[in-house]
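Please walk through the chain below with the model open beside the text. The paragraphs start from one residue and work outward.

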Amino acid sequence: MSLTTLGAHALDAQIMAQGLGTNGLQGWIRDNIVPLLLLGIAVIMLWIGGRGDNAGVARRGVGLLVGLVALGIAVSGNGPAVGQFLAQLITG
């Protein structure tokens with residue numbers, strides 16, 4: 001084996017030792033896809049509002065708010081804490 005091949009194998013072993021995860025992908029989605037979706041939704045809401053369908057904008061706005069709350073809970077990782085809080089509201 002040449003020195004270059006040994007170096008490549010050592011690099012592969014080092015990468016494998018670090019472990020694999022999805023943190024990079026999650027961060028990329030959170031930083032790029034989510035703002036792009038929000039921008040698209042805002043443009044659609046403005047377009048619907050420009051046609052005079054205010055009830056449609058309000059209906060979609062409430063749905064959007066519920067979706068953003070769910071997205072915020074999912075991204076933050078506080079789902080169990082939120083669930084426990086909601087359960088305590090009902091059970092007392």
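Ile 44 is found in helix α2, which covers residues 23-50. In this predicted model, is Ile 44 buried, partly exposed or exposed? Its relative accessible area is 45%. Buried would require a value under 20% and exposed a value over 50%, so Ile 44 counts as partly exposed. Across from Ile 44 is Val 57: the two are 13 residues apart in sequence, and their C-alpha atoms are 9.3 Å apart in space.

Further along the chain, Trp 47 and Arg 51 make a contact between a charge and a ring. The charged end of Arg 51 sits over the ring of Trp 47, at 4.8 Å from the ring centre. Pairs of aromatic rings are another matter: the count of these comes to zero.

Helix α3 spans residues 54-76. From the first C-alpha of its 23 residues to the last, α3 reaches 32 Å, close to the expected 33 Å. Leu 71 belongs to this helix. With a relative accessible area of 33%, Leu 71 falls between the limits of under 20% for buried and over 50% for exposed, and it is therefore partly exposed. Which distance separates Leu 71 from Arg 30 in space? Their C-alpha atoms are 10.0 Å apart, although the two residues are separated by 41 residues along the chain.

After α3 comes Gly 77, which has a positive phi near 80°. Helix α4 then takes in residues 79-91. Its 13 residues extend over 18 Å between the first and last C-alpha atoms, close to the 18 Å expected at 1.5 Å a residue. Another glycine with a positive phi, Gly 92, stands just after α4, and its phi is about 95°.

Taken as a whole, the chain contains four helices and zero strands. Read from the N terminus, the order of elements is α-α-α-α. The UniProt record, an unreviewed entry, lists residues 33-50 and residues 62-87 under "transmembrane region". In the model, residues 33-50 are 100% helix and 0% strand, with 26 Å between the end C-alpha atoms. Residues 62-87 are 92% helix and 0% strand, and the C-alpha atoms at the ends of that span lie 23 Å apart.

What share of the 92 residues in the chain is buried? Buried residues make up 5%. The accessible surface of the chain comes to about 7,400 Å², and carbon and sulfur atoms account for 70% of that surface.

The last point is confidence. The mean pLDDT of the chain is 77, and 75% of the residues score at least 70. Among the elements of the chain, α4 has the highest mean pLDDT, at 88. Helix α1, residues 3-18, has the lowest, at 58.

Key: Residues numbered from 1 in each chain as written. Predicted model: local features only at pLDDT ≥ 70, side-chain atom pairs only at ≥ 80, totals over all residues. Heavy atoms only, no water. UniProt positions renumbered as here; feature names shortened; annotations may be inferred. Helix = DSSP H or I, 4+ residues; strand = E, 2+ residues; numbered from the N terminus. Expected span 1.5 Å × (residues − 1). Phe/Tyr/Trp six-rings, centres within 6.5 Å; stacked < 30°, edge-to-face > 60°. Lys NZ or Arg CZ within 6 Å of the ring centre and 35° of its normal. Buried < 20%, exposed > 50% of the residue type's maximum accessible area, 1.4 Å probe, protein only. Areas by Shrake-Rupley, 256 points an atom, 1.4 Å probe, with all protein chains shown as cover. pLDDT = per-residue confidence, 0-100.
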